[in-house]
Amino acid sequence: MNMNVADILIEALPYIRQFAGKTIVVKYGGHAMVDPGLKRDFARDITLLKYIGFNPVVVHGGGPQINRVLDAMGITSTFVRGMRYTDDKTMDVVEMVLGGKVNKEIVSGINAQGGRAVGLTGKDGGLIIAEKMTIVDASNTEKPPEIIDPGMVGRVTAIDPEIIHTLTCKGFIPVIAPVGVGRSGETYNINADLVASKIASALKAERLILMTDVDGLLDASGTLVSSAAAEKIHTMIERGEIKGGMIPKMESALSALEGGVEKTHIINGTRPHALLLELFTDSGIGTQVFLQGQED
């Protein structure tokens, strides 16, 4: 037993040395945000990363929590191309749940494990500047492209990471809700994977880790793709081998690489301590994506 523990620590040593002082952006979402045990594990893992010299930055989602509040208020959710249609009433709930209840719960969890977390939204310090997203549906070639209005759903136009640098340099762990602000002060609901990707790029993070409820990217036979170059991912998307909700996650991963992030990872947050297993073991547990020439 003692030798097994020692072997694990020795295996982790080169990764601890490699990432010391580096920024790791983690998109926290899925079932790991709901299960009490997994929530505690995540808080411990993030606190551990900070104590051993990393600079973790957390960006979180909160779809299930938003759904519960909307249902309780009698507000029906509708979705446009996989995105929640966000009118004024829905936006009020989104901001209240993400920036309030969910964000503060994550902060409290990390602080309870000895970390020093601080909650933010994209509106704090001008962190996330956004504009209204419009969707062009050109799937029907017999008709002109259709312009779809998703309401107050935004796309990121700029990230000002100054507030993140200030907090991490002072020993704090930023926990960010994916709510952005427009040039005229309007509030936008933004996809958390996209926000995490843009923040990771702005910080030139060493790693972007996207937590989900599946093991990672699966090939056509259902086998986990443990490591893949960006070129392979593009090809798999073009061939239709990557489908559904995995497409926007992989697009966020690719965008981060193009923005200067060293590598990105898709991991299953339902596995206890998934974050540590991906970062500190030779085999990892999810899918690692990199630019050609950065395999090592």
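What follows is a conversation between a trainee and a mentor about this predicted model.

Trainee: What makes the chain as compact as a globular protein of its length?

Mentor: Start with the inventory, which is nine helices and 16 strands. The radius of gyration is 19 Å, close to the 19 Å that the globule rule gives for 296 residues, so the chain is as compact as a globular protein of that length. Along the principal axes, the C-alpha atoms fill a box of roughly 65 × 45 × 35 Å. Of the 296 residues, 49% count as buried, and about 13,900 Å² is exposed, with carbon and sulfur atoms supplying 53% of that area.

Trainee: Which share of the contacts joins residues at least 24 apart?

Mentor: Taking contacts between residues at least 6 apart in sequence, 74% join residues at least 24 apart.

Trainee: Let's turn to the sheet. Why are S5 and S14 called edge strands?

Mentor: The eight strands of this open sheet come in the order S5-S10-S2-S1-S13-S15-S16-S14, with mixed pairing. Strand S5 (117-121) and strand S14 (227-229) each pair on one side only, and that makes them the edge strands. From one strand to the next, the twist averages 20 degrees.

Trainee: How do you know that S5 and S10 count as paired?

Mentor: Pairing takes at least two bridges. Five bridges join S5 to strand S10 (residues 173-177), and the two run parallel, so the cut-off of two is met. To find one of these on the structure, look at Ala117, whose bridge partner in S10 is Ile173.

Trainee: And what packs on the sheet, touching S14 and S16?

Mentor: That is helix H7 (residues 230-238), whose direction makes about 85 degrees with that of S14.

Trainee: Why is S2 called largely enclosed?

Mentor: A residue is buried when its relative accessible area is under 20%. Six of the six residues of strand S2 (residues 55-60) are buried, so S2 is largely enclosed by the rest of the structure. In a regular strand, side chains alternate between the two faces of the sheet. Here both faces are covered: Asn55, Val57 and Val59 are buried on one side, and Pro56, Val58 and His60 on the other. S2 also pairs in parallel with strand S1 (residues 23-28) through six bridges, and Ile24 has Pro56 as its bridge partner in S2.

Trainee: Is Lys204 buried or exposed?

Mentor: Exposed means over 50% relative accessible area. Lys204 has 55%, so it counts as exposed. Lys204 sits in the loop between helix H6 (192-203) and strand S13 (207-212), and has a positive phi of about 50 degrees although it is not a glycine.

Trainee: What makes His273 partly exposed?

Mentor: Partly exposed runs between the 20% and 50% cut-offs. With a relative accessible area of 30%, His273 falls in that range, so it is partly exposed. Its phi is also positive, near 55 degrees, in a residue other than glycine. His273 lies in the loop between strand S15 (263-268) and H9.

Trainee: How do you know that the side chain of Thr281 makes a polar contact with Leu277?

Mentor: The limit is 3.5 Å between N or O atoms. The side chain of Thr281 reaches the backbone oxygen of Leu277 at 2.4 Å, so the pair is within that limit. Thr281 is found in the loop between helix H9 (274-280) and strand S16 (287-290). Leaving aside neighbours within four places in sequence, Thr281 is in contact with Glu11, Tyr15 and Leu276.

Note on methods: Residues numbered from 1 in each chain as written. Predicted model: local features only at pLDDT ≥ 70, side-chain atom pairs only at ≥ 80, totals over all residues. Heavy atoms only, no water. Helix = DSSP H or I, 4+ residues; strand = E, 2+ residues; numbered from the N terminus. Polar contact = N/O pair within 3.5 Å; in protein donor to acceptor, adjacent residues only side chain to side chain. Contact = heavy atoms within 4.5 Å. Axes fitted to C-alpha atoms, helices over the stretch in contact; angles between N-to-C directions. Rg over C-alpha atoms; globule rule 2.2 N^0.38 Å. Buried < 20%, exposed > 50% of the residue type's maximum accessible area, 1.4 Å probe, protein only. Areas by Shrake-Rupley, 256 points an atom, 1.4 Å probe, with all protein chains shown as cover.
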